[in-house]
Amino acid sequence: MSLWGADIKPKNLTTAEKKEVFANTKGWVREAGSILSGNGNTSADPEVLVALRGLNVKMGTANITEIEFVTTSFDKSAGGNIDVRVRFNEPVTVTGTPRVSITNGNQGSGSGRGPHLANYLSGSTTNELLFRCTIAAANAATNANDVLVIGTNATALNSGTIKDTGTSTVSTITNSSAIGTAAGSITVVA
């Protein structure tokens, strides 16, 4: 029986552990600063779980493995930021301002609002990119009871690039409907 699961990460890891694991030049590694490694130092080298020299190059282009809302609630009357984290199976380098489209289900009064665009904020040279959408208080682009979701192929380069770190290979930025669905949703309150 193979050591690798369907998503090619070591299959003995739990779903929560897999979120912190990615491929680099040393093999499968756990993010620096993880509670699971016992080292809270985010500047430390990633912990090597399975040594496979040059794994990130052998895997080909980086792929999105997960998208999740960092923000869990949104109040239309207060406005604010909606943050989205996009995880790749290996470190990526970002140039320009790629973005993630947040779809508005238009469940509130009216229709045709959105989508909201979350622009790249941080994370270049890591496997986790953070995107942010700022919506002003009482903005007409959302109403109470709207459900914000991530759809299929929600990530766009927007004249920027997302490349495998250390190479010139453009990463795969498409995501399946299952990855978008797994991101969950945010119901807007008044």
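Here are some worked exercises on the structure above.

This is a predicted model, so to speak with its own ground rules: local features need pLDDT of at least 70, side-chain atom pairs count only at pLDDT 80 or more, and totals for chains, interfaces and linings use all residues. Residues are numbered from 1 along each chain as its sequence is written, and side-chain values use heavy atoms, with hydrogens and water left out.

**Exercise 1. Overall build**

Task: Work out how many helices and strands the chain has, and what its radius of gyration is.

Solution:
- Start with the elements: the chain holds three helices and 12 strands. Both are DSSP runs numbered from the N terminus (helices are H or I with at least four residues, strands are E with at least two).
- Next, the radius of gyration, taken over C-alpha atoms, is 18 Å, which agrees with the value near 16 Å for a compact globule of 190 residues. The globule rule is 2.2 Å times the number of residues to the power 0.38.
- The C-alpha trace spans about 55 × 35 × 35 Å along its principal axes.
- Finally, 41% of the 190 residues are buried; that label means under 20% relative accessible area, while exposed is over 50% and partly exposed lies in between (1.4 Å probe, protein chains only).

**Exercise 2. The three-stranded sheet**

Task: Find the strand order in the open sheet made of three strands, and say which strands are at its edges.

Solution:
- The order is S1-S2-S3, with antiparallel pairing. Two strands pair if DSSP finds at least two bridges between them.
- S1 (21-24) and S3 (47-51) are the edge strands, as each pairs on one side only.
- S2 (residues 27-30) is joined to S3 by four bridges, and Val29 stands opposite Val48 in S3.

**Exercise 3. The largest nonpolar core**

Task: Identify which residues touch the most other members of the largest nonpolar core, and which strand gives the largest share.

Solution:
- A nonpolar core is a set of buried Ala, Val, Leu, Ile, Met, Phe, Trp, Tyr and Cys residues joined through side-chain atoms within 4.5 Å.
- The largest one has 28 residues, and Ile82, Val84, Ile102 and Ile150 touch the most other members.
- S6 gives the largest share, six residues.
- Zoom in on Val84: leaving aside neighbours within four places in sequence, its contacts (heavy atoms within 4.5 Å) include Ile67, Phe69, Ile102 and Ile150.
- Another core, of six residues, lies apart from this one, with Leu13, Ala23, Trp28 and Leu55 among them.

**Exercise 4. Strand S4**

Task: Is S4 enclosed or exposed, and how does S4 pair with S6?

Solution:
- Five of the six residues of S4 are buried, so this strand is largely enclosed by the rest of the structure.
- S4 and S6 pair in the antiparallel sense over five bridges.
- One of the matches is Ile67, whose bridge partner in S6 is Val86.

**Exercise 5. Two positive phi values**

Task: Look at Ala138 and Asn158, and place each one in its loop.

Solution:
- Most residues other than glycine have a negative phi.
- Ala138 is not a glycine, yet its phi is positive, about 60°. Ala138 sits in the loop between S9 and S10 and is exposed, with a relative accessible area of 57%.
- Asn158 has a positive phi near 50°. Asn158 belongs to the loop between S10 and strand S11 (161-164), and at 32% relative accessibility Asn158 counts as partly exposed.
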